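Please look at the structure below, and keep it in view as the paragraphs lead you from one part to the next.

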Amino acid sequence: MTGNGSTRREMHLGLMFWATGTHAAGWRYPGSRADGAYDIGFIQDVTRLVERAKFDFLFLGDRLVTDPALAKTNPAQMSRLEPFTAGAAIAAATSKIGIVVTANPTYYDPYNLARLLASLDHLSRGRASWNLVTGADALAAANFSRAEHWDTEKRYDWADEFVDVVRALWDSWEDGALIRDRRRGLFVDEARIHPVNHHGRYFDVTGPLNVARPPQGQVVLLHAGTSDRSRELGAREADVIFAGSHEITSGREYYADIKQRAAAYGRSADDIQILPGLSVIVAETTREAVAIRDRLDSLLPEVERKPDVRAGALGQATRRRDEWGITGNPVEVADYMQEWFETGAADGFNIFPPFVPGAVEAVTELVVPELQRRGLYRREYSGGTFRDHLGLARPRNRFESAATGSQAAPSRLAPAAAANS
Amino acid sequence: MDADRSLHLGYMYWANGTHPAGWRYPGATGDRAFDPDYIAGIARAVEDASFDFFFLGDRLATGPEYQFTNTSVLARPEPFTIAGYLATRTSRIGLVVTANTTYSEPFNIARLTASLDHITAGRASWNVVTGADPRAAANYSRPEHGDADARYDRADEFVSLVRHLWDTWEDGAFVRNKETGEFVDGGKIHALNHVGASFQVRGPLNLSRPPQGHPVVVHAGTSERSRALAAREADVVFGAAASVPDGVAYAADLRARAAAVGRDPARLLVLPGLTPLVGGTPDEARAIYDQLNELIVLDEDIRFGGAGPDGWPTAEPPVRREDQGPGRRNLGALSQRLGLDVTAAALSGVVSDAVVQAASPSGQQLIRTAARRTGRVPAQNLTWRDVMYAHVWGGHVVVGGPAEVADYMERWLRAGACDGFIIQSAFLVGQLEQFIALVVPELRSRGLFRSEYAGRTLRDHLGLPRPPSTLTAGQHAGAVHPAGATA
């Protein structure tokens, strides 16, 4: 797993990209970008910044509703670029980093989403990933001509079948189906292109997809959630679980639970990486880091301030760990991450930068080298695809492994001559 | 250059060209449809030639027959992701993305198109289609594709709804004042509360208004419903006419319809598709044309194995079954097209004058097309093979050297049959290079095409103004979003 000849386990790191930062007042912090959400050049710059730090992925979140009231609590989620178009533009400006795109099956057709994801995987040469969310926001229904918001059970019933269909569609073209035999005039080997003929409770999809098999075979799948249904979906289907635990005891419980559920589906512990979200404010010294945190909190709208901030508890000079994240010097932050990593609470982290790009730069300049020095994080990418970064093999195609085997299946067409003449 | 008398040129990207055997031509590309560097290379070549836009088509189903008719549509990347990718690999050219209203949601399409317009800084365009391939229904859990009226009813409401969603954020809704902490002006963000026959959408969109206000809307079609939609909504019409009289009639009809719904007819641009088969001289072009056609796989060349009802192969041993072939690439199909039985003819036989006179009007037109493309004439040297190839490779093709191709384009423009063309290549990259190297300079020397971009956005290239918002404070039908009212 490392480039140093060691087999030591290494962390996986992602960056949660919220253009104005994950802190509600991040956009007001001096030097941060308030208008980066629509500047693709800026988004590409931030991605390249974490790509230079060998991050596994950039994470593009999504929601299907907005509300101007979010300006006070979460301006980054109030409006933003649609993730597939942004993800493709990021693919054009990067070469190694994984690109995680959030998409909600509740409001998509599997054929559309299978195409978008497979295409992004081709255009990024194997770096695409789907963060599957089912949409807890009831208001989304009103943007999609739905009379009501489905409950969790229905959303997960739908999502479970949806994933099955998408995965089958990704396999509908075998590797090597595009033979492009100029001499015989055969462009494809039709025996290696398979209808999926899915007929289920919610979906009837004949297929095949009209996109060749993705470079990764199956695009990397992310999922997050704490409900029983979400844990089951994640344990069965996800390659990465984006966890929400804020303290280590519940983090360990969640971690053990997911790995146990995955084992019940015949998956190994290494098949599924659990990455809690972690807000990080880091500076050379604890005092500086805490000052940044206090400055940020002081910029919050009055109603959003924590009691200690309103009381003016600024300048407190100790490392701070709270529900919100970790604030400290590089050693303190790395210690914190290492403890989670080595005591069964995390396989890495999805880093939340409170403001952008300053807080991202600080993590790449201060925390990543500290983790690398400890042998906990890669110094170079070992492969070119997101699956490579995660140490996941390219999966076998379900149709190829069928009893007949692709080689044995007869081709329907066989031109008699090189060209009619 | 007179802007009113010059051409707008789009380029329709087909990874393997429009000719069914283009991918087999010596030196042609046939294996790079999924290579982003290849796609970007084509787009940049077209941008370097200052084309108005790069056009990405789409379909929502595939089938085995495409292997002999159009390999480019068998499998290809989806257009929004290609365009998002190209946004970064290009800087000036417009990017047209095809998206189907029958099998998508307005909120999703409004976001995708608006987002693309932001990423491209105002170069995005949406080609509205309702579905050319009825097999799509079986990929989208639908019992049926729906007839044209049902699809256009939905499309009409869909397009209008998307336009309103683009407008839900007024220009200037973002304040982003770091001092005061005011991030947006909630009074400039509007709900839509649309309730229609096909859609109920509350809004607002979760995206700032597109840089172009409204991304450019493209539509194609000749049916009554499609003309009506184009006249009402389209900025650019992708025309299908293949003769000057047809082109004139089509353009005049659309402009009259646009005027009837209160639009300025000059702001509806009619751009027919055109595949120029270009050589350094007319003879060179015809030699390429003949060589390409010899690579077409006709039905007689195919041994057919068994196929299931969906057209995909079964495990039966290969036997010839003509009824399951592409079906129109043989003398039987040609006979139907001509309105007379030529099944006994030899492909190498010369077409006689008597046969030309006996053919139906559309058959006579096909024979004229074959003669025009090849430079050969009936009763002398025009063969049935030539007619067969014109039948198999239909569409709007002009074969010639740079002067002939430019003459042809100029004639259409002067006659009022078009405002320009959507250029396609028989195969890549040779035919695109030839068009850019030979025809584009000829058009420029005649003052018919720009030498460089004058503006930044696709609307700039097309000479279209940025539209005002349909939803400004106090004017929109829907109530202000409850939260917005207090923000």
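A good place to begin is chain B, which is divided into domain 1, made of residues 3-280 together with 398-462, and domain 2, made of residues 284-395. In this predicted model, the C-alpha centres of domain 1 of chain B and domain 2 of chain B lie 31 Å apart. Where these two domains meet, the contact takes 22 residues from domain 1 of chain B and 18 residues from domain 2 of chain B. On the side of domain 1 of chain B that touches domain 2 of chain B, the elements that give two or more residues are α2 (66-69), β11 (269-278) and β13 (397-400) of chain B, and β11(B) contributes the largest share, with 4 residues. Sorted by class, that side of domain 1 of chain B has 9 nonpolar, 11 polar and 2 charged residues.

Turning now to chain A, you can find 13 helices and 13 strands in it. Chain A has 421 residues, of which 57% count as buried. If you consider the contacts in chain A between residues at least 6 apart in sequence, 76% of them join residues at least 24 apart.

Which elements of chain A each supply at least two residues of the side that touches chain B? In total, 71 residues of chain A are in contact with 78 residues of chain B, and the elements in question are α4 (83-93), α5 (110-123), β6 (204-205) and β13 (413-415) of chain A. The residues on this side of chain A divide into 44 nonpolar, 15 polar and 12 charged.

It remains to ask how confident the predictor is. For the complex, the predictor gives an ipTM of 0.93 and a pTM of 0.94. Chain A averages a pLDDT of 90, with 88% of the residues scoring at least 70, but the pLDDT is below 50 over residues 307-317 of chain A, a stretch that has 11 contacts in the model beyond near neighbours in sequence. The pLDDT is also below 50 over residues 403-421 of chain A, where the model has 48 such contacts. For chain B the mean pLDDT is 91, and 90% of its residues reach 70 or more, although over residues 304-308 of chain B the pLDDT is below 50, with 25 contacts beyond near neighbours in sequence. Over residues 473-487 of chain B the pLDDT stays under 50 as well, and the model has 29 contacts for them beyond four places in sequence. Where pLDDT is low, the predicted coordinates should not be read in detail.

Definitions and conventions: Residues numbered from 1 in each chain as written. Chains lettered and ligands numbered in written order. Predicted model: local features only at pLDDT ≥ 70, side-chain atom pairs only at ≥ 80, totals over all residues. Contact = placed C-beta atoms within 7 Å. Nonpolar A, V, L, I, M, F, W, Y, C, P; charged D, E, K, R; others polar. Buried ≥ 20, exposed ≤ 12 C-beta atoms within 10 Å, placed from the backbone. Domains from an automatic or database assignment. pLDDT = per-residue confidence, 0-100.
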